[in-house]
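Colleague: I am new to this one. Can you walk me through it, one short question at a time?

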Amino acid sequence: MALLDRALVRLLPAVPRPVVRRVSSRYIAGEELSDAVRVVRQLNAEGKLATIDVLGEEITNADEARAIGDAYRDSLDAFEREQLDSNVSVKLTALGLKLGYELCRENLEAVVAHAAERGNFVRIDMEDSSTTEDTLRLYRELRAAGHENVGIVLQARLKRTLADVAALAGLRPNVRLCKGIYLEPAEIAFREFDAIRVSFVQVLHALWDAGCYVGVATHDEWLLEEAKRGVDARSLGRDEHEFQMLLGVRPALGDELVREGRRLRIYTPFGRQWYAYSLRRLQENPKIAGYIAGDTLNRLLPGRNGSG
Ligand SMILES: Cc1cc2nc3c(=O)[nH]c(=O)nc-3n(C[C@H](O)[C@H](O)[C@H](O)COP(=O)(O)OP(=O)(O)OC[C@H]3O[C@@H](n4cnc5c(N)ncnc54)[C@H](O)[C@@H]3O)c2cc1C
């Protein structure tokens, strides 16, 4: 990342919210369920599947956590009604994890049961390392309670992940594998770009060795090529794995996967609590300075159009 971009990443929390809002709009379907439905319909028409994320990490009380659960149930109903191909991704903090484990479990189980009644699936996103233990514990408890339509996320960045794969292998979990976005201390996480890549490939093969369905979630071309090689070498069918990308990130690369006949799912967030998610996406954008500058120019020079 260029010097200016790196400096801006640090300064981003000081950027006014309206600017963050405008420059991050490409990463978010909109504020309402109708926005998510419109975007999912478009993705489906392009031959892509979706998983929706009701934005809600900033909740502060149990009622808000329950409201997020309601929004997920409404989303699942809408997908069934509109015959859209999308599952849901939930963040446990949005379902109340930091307010209480039992509250979160109740909310999560209600969403998972609602999805099961509609033949749908729930992915539990993985958040920062303060939540890893509880997330894996909740996943195990749900599986022990007989819920099969639920999957987890593992982060290649964390040093513990290979051991987690070994510990979970008996359950043959459905796993989304990603690099992991949260910066973690060096004692528990790889910090070097190449070390994270190596870990990603090792974990991917360990999951495949355990017979797991893996959603390979990355926009890193080198990793995509490694994963495709693995898929071909293992003769994995279209129903035995998938690729996953984020809405608004490297769409041309996603189109290429679809053209190759591969199964691609797009992570599609919507909701009113867009700020924390937007910051994370912008901080990962290698050309963030260009985006902010473009937005500023647009406002200074009325009539100018087309910033990202
Ligand atoms: C479907 C999906 C679900 C995810 N779920 C989780 C989760 O539950 N927990 C978690 O910790 N992380 C999650 N992540 C985020 C993930 O951990 C990474 O932080 C993120 O995907 C960037 O890593 P990368 O593998 O794409 O590689 P990178 O090396 O970071 O990116 C590869 C290239 O993609 C481009 N790119 C990446 N991000 C952006 C951006 N925001 N804007 C523009 N270009 C960009 C850049 O050109 C970059 O060179 C998820 C990612 C995906 C795709």
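Colleague: Which residue in β2 does Ile-52 stand opposite?

Modeller: Keep in mind that this model is predicted. Strand β1, residues 49-54, pairs with β2 in the parallel sense over 4 bridges. Across that pairing, the residue in β2 opposite Ile-52 is Val-88.

Colleague: How many of the residues of β2 are buried?

Modeller: Strand β2 spans residues 86-90 and is mostly covered. Of its 5 residues, the number buried is 4.

Colleague: In what order do the strands close into a barrel?

Modeller: The barrel has 8 strands, and the pairing is parallel. Direction ignored, neighbouring strands of this sheet are turned by 30 degrees against each other on average. The order is β1-β2-β3-β4-β5-β6-β7-β8.

Colleague: What is the bridge partner of Ile-152 in β5?

Modeller: β4 and β5 run parallel and pair over 4 bridges. Within β5, the partner of Ile-152 is Val-175.

Colleague: Which helix lies across β3 and β4?

Modeller: Look at residues 132-144, which run at about 155 degrees to β4. Elsewhere on the sheet, helix α10 (residues 251-259) touches β7 and β8, and its direction makes about 145 degrees with that of β8. The helix across β3 and β4 is α6.

Colleague: Which residue of β6 does Arg-176 stand opposite?

Modeller: β5 and β6 run parallel, joined by 3 bridges. Both faces of β6, residues 214-217, are covered. Val-214 and Val-216 are buried on one side, Gly-215 and Ala-217 on the other. The residue opposite Arg-176 is Gly-215.

Colleague: Why do the residues of a strand split between two sides?

Modeller: Think of a regular strand in a sheet. Its side chains go to one face, then the other, because in such a strand they alternate.

Colleague: Which helix gives the most to the largest nonpolar core?

Modeller: That core has 67 residues, and Val-90, Leu-95 and Leu-177 have the most contacts inside it. A helix at residues 62-81 gives 6 residues, the most to this core. Apart from it lies another core of 7 residues, including Val-20 and Ile-288. The helix that gives the most to the 67-residue core is α4.

Colleague: Which residues does Leu-177 contact, leaving aside its neighbours within four places in sequence?

Modeller: Two of the partners, Val-214 and Val-216, are buried residues of β6. Farther along the list come Phe-200, Val-203, Leu-204 and Leu-207. The others are Leu-154, Ala-156 and Ala-217.

Colleague: Why does Phe-79 count as buried?

Modeller: Phe-79 sits in helix α4. Not counting residues up to four places away in sequence, it touches Leu-84, Ser-86 and Asn-120. Arg-41 is 38 residues apart along the chain, yet the two C-alpha atoms are separated by 9.4 Å. The cut-off for buried is 20 or more other C-beta atoms within 10 Å. Phe-79 counts as buried because its C-beta neighbours inside 10 Å number 23.

Colleague: Which element supplies the largest share of the shell around the ligand?

Modeller: Four elements each supply at least two residues of the shell: β4, β5, β7 and α11. The largest share is 3 residues, and it comes from β7.

Colleague: Which residues come nearest to the ligand?

Modeller: There are 24 residues around the ligand. They divide into 11 nonpolar, 6 polar and 7 charged. The nearest are Asp-125, Cys-178, Ile-181, Thr-218 and His-219.

Note on methods:
Residues are numbered from 1 along each chain as its sequence is written. This is a predicted model: local features need pLDDT of at least 70, side-chain atom pairs count only at pLDDT 80 or more; totals for chains, interfaces and linings use all residues. A residue is near a molecule or strand if its C-beta atom, placed from the backbone, lies within 6 Å of it. Ala, Val, Leu, Ile, Met, Phe, Trp, Tyr, Cys and Pro count as nonpolar, Asp, Glu, Lys and Arg as charged, and the others, Gly among them, as polar. Two strands pair if DSSP finds at least two bridges between them. Axes are lines fitted to C-alpha atoms, for helices over the stretch in contact, and angles run from 0 to 180 degrees between N-to-C directions. Two residues are in contact if their C-beta atoms, placed from the backbone, lie within 7 Å. A nonpolar core is a set of buried Ala, Val, Leu, Ile, Met, Phe, Trp, Tyr and Cys residues joined through C-beta atoms within 7 Å. A residue is buried if 20 or more other C-beta atoms lie within 10 Å of its own, exposed if 12 or fewer, and partly exposed in between; C-beta atoms are placed from the backbone.
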